[in-house]
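The following exercises ask the student to read a protein model step by step. Each task is followed by a worked solution.

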Amino acid sequence: MDVVLLVKAAIMGVVEGLTEFLPISSTGHLILAGSLLGFDDAKAKVFDIAIQTGAIFAVILVYWQKIRATVVALPTQRQARRLALNVIIGFLPAVVLALIFGKLIKEHLFTPVVVASTFILGGFVILWAERRSPRAVRVHDVDDMTPLDALKVGLAQCLAMVPGTSRSGATIIGGMLLGLSRKAATDFSFFLAIPTLIGAGMYSLYKERHLLSMADVPLFAVGLVFSFISAWLCVRWLLRYISTHSFVPFAYYRIGFGIVVLLTAWTGWVTWAD
């Protein structure tokens with residue numbers, strides 16, 4: 001296995017882990033990083049989706065006590081069954097729309113310019129959401145969500161099918177606009193990520209299995225390990241951060257980064273692959 005290729009896999013794994021659960025779009029950053037590294041062929045696109053599983057293992061580890069308690073209590077506690085049902089309800093809209101529009105989106109929207117544009121637009125949406133007149137918080141804990149709340153957040157998650165939007169940003173900001181507390185929206189976003197990203201990774205590997213061979217195992221293993229480590233650190237930090245901070249800094253980051261990408265593409269300073 002080419003050592004340079006393994007280094008690229010490690011870099012992409014770190015990018016995935018650090019950006020998956022922040023409202024700044026992991027897919028967008030992976031597209032841009034892959035473009036800069038020359039790691040953007042058909043196999044690389046499968047790699048980008050597959051290494052999300054490493055980030056999800058980090059979420060499972062951080063939330064293990066809650067996940068275990070919910071699973072154990074499913075036969076006896078209504079609250080546990082409601083949380084499990086809400087995750088399923090929130091997960092389904094993305095499955096349906098991905099099956100219908102997934103191929104078209106990958107063919108036409110997975111470009112650096114689209115990513116940069118949605119970075120900027122998403123940044124302004126976060127600023128608007130954070131600065132609008134605050135609504136009364138209806139749901140303070142993820143256990144208090146209704147199936148309708150879960151469906152609405154699941155529909156918001158579908159916006160992240162457009163690269164650069166951010167799955168976590170769409171679900172967290174969407175949840176807050178729907179009356180969830182910042183913590184409840186963040187927790188549900190993480191729980192919803194488990195079936196969404198594992199399902200996307202398994203589906204992508206199965207669908208594109210003709211591109212892969214046993215020789216690719218080290219490449220994918222390196223990406224998964226680095227994705228897991230960086231995501232574990234990021235999730236632990238984010239849960240502490242949201243207790244005392246807003247998402248405004250991420251909005252400014254999105255806007256600034258998006259402008260830089262558009263300027264470098266327009267001036268020719270950086271050749272972004274399409």
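**Exercise 1. Locate Ser-25 and describe its surroundings.**

Step 1. Ser-25 is found in the loop between H1 and helix H2 (26-37). Helices here are DSSP runs (H or I, at least four residues), as strands are (E, at least two), numbered from the N terminus. The model is predicted, so that local features need pLDDT of at least 70 and side-chain atom pairs count only at pLDDT 80 or more, whereas totals for chains, interfaces and linings use all residues. Residues are numbered from 1 along each chain as its sequence is written, and side-chain values use heavy atoms, with hydrogens and water left out.

Step 2. The relative accessible area of Ser-25 is 3%, so this residue is buried. The classes are buried (under 20% relative accessible area), exposed (over 50%) and partly exposed (in between), with a 1.4 Å probe and protein chains only.

Step 3. From its side chain, Ser-25 reaches the backbone nitrogen of Gly-164 at 3.2 Å. Contact means heavy atoms within 4.5 Å. Apart from neighbours within four places in sequence, the contacts of Ser-25 include Thr-19, Phe-119 and Arg-254.

**Exercise 2. State how many helices and strands the chain has, and test its overall dimensions.**

Step 1. There are 12 helices and zero strands in the chain.

Step 2. For 274 residues, a compact globule would have a radius of gyration near 19 Å; the chain has 18 Å, which agrees. The radius is taken over C-alpha atoms, and the globule rule is 2.2 Å times the number of residues to the power 0.38.

Step 3. Along the principal axes, the C-alpha atoms fill a box of roughly 50 × 45 × 35 Å.

Step 4. Of the 274 residues, 47% count as buried. Among contacts with a separation of 6 or more, 84% come from residues 24 or more positions apart.

**Exercise 3. Check the length of helix H11 and identify what its buried residues pack against.**

Step 1. The expected span is 1.5 Å times one less than the number of residues. For the 25 residues of H11 (residues 217-241) the expected value is therefore 36 Å, and the end C-alpha atoms are 35 Å apart, which agrees.

Step 2. The buried residues of H11 include Leu-219, Gly-223, Ser-227, Ser-230, Cys-234 and Leu-238. An α-helix has 3.6 residues a turn, so residues three or four places apart point the same way.

Step 3. These buried residues pack against helix H1 (3-19), helix H3 (42-50), helix H4 (52-62), helix H10 (182-207) and helix H12 (248-267).

**Exercise 4. Describe the nonpolar cores.**

Step 1. A nonpolar core is a set of buried Ala, Val, Leu, Ile, Met, Phe, Trp, Tyr and Cys residues joined through side-chain atoms within 4.5 Å. The largest core has 42 residues, and those touching the most other members include Phe-21, Met-145, Phe-188 and Leu-238.

Step 2. Among the helices that each supply at least two residues of this core are H4, H10, H11 and H12. H10 gives the most, with nine residues.

Step 3. Met-145 is in contact with Arg-82, Val-139, Leu-180 and Phe-188, among others, when neighbours within four places in sequence are left aside.

Step 4. A second, separate core of 13 residues includes Ala-9, Phe-39, Val-46 and Phe-47.

**Exercise 5. Which parts of the chain do the salt bridges of Glu-20 and Lys-43 tie together?**

Step 1. A salt bridge is a side-chain nitrogen of Lys or Arg within 4 Å of a carboxyl oxygen of Asp or Glu. The structure holds six salt bridges.

Step 2. Glu-20 and Arg-167 form one of them, at 4.0 Å from N to O. Glu-20 lies in the loop between H1 and H2 and Arg-167 in helix H9, so the pair ties together parts 147 residues apart in sequence. Glu-20 counts as buried at 3% relative accessibility, and Arg-167 counts as buried at 10%.

Step 3. Lys-43 forms a salt bridge with Asp-216, with the closest N and O atoms 3.0 Å apart. Because Lys-43 lies in helix H3 and Asp-216 in the loop between H10 and H11, this pair ties together parts 173 residues apart in sequence. Lys-43 is partly exposed at 26% relative accessibility, whereas Asp-216 is buried at 8%.

Methods. Polar contact = N/O pair within 3.5 Å; in protein donor to acceptor, adjacent residues only side chain to side chain.
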